[in-house]
Amino acid sequence: MATGIDPDKLKNNLQNRLESLHNLYLSNLISKNTLSSQLLELITTKEAKTFWDSTMKQDLTARRMLAMLEHPKQWIEDSTSPEEERLDILRRD
């Protein structure tokens with residue numbers, strides 16, 4: 001993790017923005033289409049990427065190894081699936 005990054009502060013900022021979008025949608029001030037586009041923009045911000053890098057990315061290898069150890073045959077099948085099928089696998093898991 002880069003020095004000077006406070007994951008809690010990033011999380012709070014992102015959560016506040018998410019709550020604001022939620023409140024706007026509940027108040028019928030924005031449509032479902034606007035909400036979805038704003039959510040997409042939110043998760044692609046530099047702030048969201050930095051939060052991901054500082055909290056989740058470091059665990060990605062460990063989670064892959066755990067999945068491989070728990071279900072090796074299924075892991076091999078999933079990891080060698082065509083790209084089109086991976087979204088279905090992700091939803092299933």
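**Close-up views of a six-helix model**

The protein has an accessible surface of about 7700 Å², and 57% of that area belongs to carbon and sulfur atoms (areas come from the Shrake-Rupley method with a 1.4 Å probe; for residues, only the protein chains shown count as cover). Please keep in mind that this is a predicted model, where local features need pLDDT of at least 70, side-chain atom pairs count only at pLDDT 80 or more, and totals for chains, interfaces and linings use all residues. Residues are numbered from 1 along each chain as its sequence is written, and side-chain values use heavy atoms, with hydrogens and water left out.

**View 1. The whole chain, built from helices.** Six helices and zero strands make up the protein's secondary structure, giving the pattern α-α-α-α-α-α along the sequence (helices are DSSP runs of H or I with at least four residues, strands are runs of E with at least two, and both are numbered from the N terminus). The protein is more spread out than a compact globule, because its radius of gyration is 18 Å, well over the 12 Å that the globule rule gives for 93 residues (the radius is taken over C-alpha atoms, and the rule is 2.2 Å times the number of residues to the power 0.38). The C-alpha atoms fill a box of roughly 50 × 35 × 20 Å along the principal axes.

**View 2. The largest nonpolar core.** Six residues form this core: L14, L21, I30, L35, L42 and A48 (a nonpolar core is a set of buried Ala, Val, Leu, Ile, Met, Phe, Trp, Tyr and Cys residues joined through side-chain atoms within 4.5 Å; buried means under 20% relative accessible area, exposed over 50%, and partly exposed in between, with a 1.4 Å probe and protein chains only). Helices α1 (7-26) and α2 (32-43) each give two or more residues to the core. Setting aside residues up to four places away in sequence, L42 touches L14, R17, L18, L21 and A48 (contact means heavy atoms within 4.5 Å).

**View 3. L10 and its partners.** L10 sits in helix α1 and is buried, with a relative accessible area of 14%. Beyond its neighbours within four places in sequence, L10 contacts I5, E47, T50, F51 and S54. One of these partners, T50, is 40 residues from L10 in sequence, yet their C-alpha atoms are 8.1 Å apart.

**View 4. R92 in helix α6.** Look for R92 in the helix spanning residues 83-92. R92 is partly exposed, at 48% relative accessible area, and touches Q74 and D78, leaving aside neighbours within four places in sequence.
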